[in-house]
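Student: Could you take me closely through a single part of this model, and then set that part in the context of the rest of the chain? I would like one connected account rather than a list.

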Amino acid sequence: RNLPPFPTRRSSDLLYSVGVIQAAIEVHKFKINPTPSNATVLIDGQQRTNNEAYFAPTTVIPWSVSATGYETKTGQLPMGYTDYTMDVTLVAATYTLSVSPTSREFDYDEYSSSDGKSISITSNQSWTISVPTGFAISRSTSGSGNATFNVYPTSYNSGTTNKTGTLTITGNDSQFVNVQLTQKALILTIDPTELNVSASGG
């Protein structure tokens, strides 16, 4: 038998149907209010205008809030069925800075990078190194976190007194540690210590 004709829809009907489907997709606003207010806020890995974004319910949203001088906070939040605003207050970071050893000694003829002796920094902050005249180090004078480098004299010490200097490592919170450096003086010894000369008549 003959089948009835397939129903047709006008383009306006299709557009209306799409609009209805889109309207049925439920989303809600997730917003973070950070303290301090200039903190960097990431929502789902991105910085968002006004620190807010829209998500469908049950979406798990990773977030983080960070600022210089504060401990970073991170977390994940499952989006609910209503808008949600979260207050995040950062706490001041506790910085550490330790250096080992705090003194290094060199012989008078140790004066090149191959004669370097190691110094280790243990820290959770950025820092700078101040190097005294007559000494050098095997790395740049700024860094962060843990590091190990060598220090060494830059010239032979032919003098009669020790060459000394203070290497200072300063953290960004103004903590500092001094390392005392010494290059020994050249010491001449004469052996034997006594010299007998016989006199001849004339």
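Tutor: Strand 14, which covers residues 163–171, and strand 15 run antiparallel and are joined by 8 bridges, and this pairing is a good place to begin in what is a predicted model. Within the pairing, I169 stands opposite V177 of strand 15. The two strands form a hairpin with 4 residues between them, and in that turn S174 has a positive phi of about 80°. As background, most residues other than glycine have a negative phi.

Strand 15 also has a parallel partner, since 4 bridges join it to strand 8, residues 103–106. In this second pairing E105 is the residue that stands opposite T182 of strand 15. In general, the strands of a sheet pair through backbone hydrogen bonds, in either the parallel or the antiparallel sense.

Following the chain out of strand 15 (176–183), one comes to K184, in the segment after that strand. With a relative accessible area of 33%, K184 is partly exposed, because that class covers values between the 20% limit for buried and the 50% limit for exposed. Leaving aside its neighbours within four places in sequence, K184 is in contact with E105, F106, D107, Y108, N157 and N162. The C-alpha atoms of K184 and T164 are separated by 8.6 Å, although these two residues are 20 residues apart along the chain.

Strand 8 leads on to the loop before it, between strand 7 (97–100) and strand 8, where P101 has its place. The peptide bond from S100 to P101 is cis, with omega near -10°. A second cis peptide bond runs from T35 to P36, with omega near 10°, and P36 is found in the loop between strand 1 and strand 2 (40–43). For comparison, most peptide bonds are trans.

Strand 1 brings us to another part of the fold, an open sheet of 3 strands in the order 3-1-6, with mixed pairing. Its edge strands are strand 3 (52–55) and strand 6 (84–89), each of which pairs on one side only, and the twist averages 20° from one strand to the next. Strand 1 and strand 3 pair in the antiparallel sense over 4 bridges, and F30 has A53 of strand 3 as its bridge partner.

The loops on either side of strand 3 each hold a residue other than glycine with a positive phi. N51, in the loop between strand 2 and strand 3, has a phi near 55°, while T58, in the loop between strand 3 and strand 4 (60–66), has a phi near 75°. T58 counts as exposed, because its relative accessibility is 55% and the class begins over 50%.

I25 lies in the loop between helix 1 (11–24) and strand 1 (28–35), and at 54% relative accessibility this residue also counts as exposed. Together with V27 and Y54, I25 makes a nonpolar surface patch of about 320 Å².

As for the whole protein chain, there are 1 helix and 15 strands, and buried residues make up 28% of its 202 residues. Among contacts with a separation of 6 or more, 53% are accounted for by residues 24 or more positions apart. The accessible surface comes to about 13500 Å², of which 50% belongs to carbon and sulfur atoms.

How values were computed
Residues are numbered from 1 along each chain as its sequence is written. This is a predicted model: local features need pLDDT of at least 70, side-chain atom pairs count only at pLDDT 80 or more; totals for chains, interfaces and linings use all residues. Side-chain values use heavy atoms; hydrogens and water are left out. Buried means under 20% relative accessible area, exposed over 50%, partly exposed in between (1.4 Å probe, protein chains only). Contact means heavy atoms within 4.5 Å. Accessible areas come from the Shrake-Rupley method with a 1.4 Å probe; for residues, only the protein chains shown count as cover. Patches are made of residues with over 30% relative accessible area and no salt bridge: like charges are joined within 9 Å, nonpolar side chains (Val, Leu, Ile, Met, Phe, Trp, Tyr) within 5 Å. A salt bridge is a side-chain nitrogen of Lys or Arg within 4 Å of a carboxyl oxygen of Asp or Glu. Two strands pair if DSSP finds at least two bridges between them. Axes are lines fitted to C-alpha atoms, for helices over the stretch in contact, and angles run from 0 to 180 degrees between N-to-C directions.
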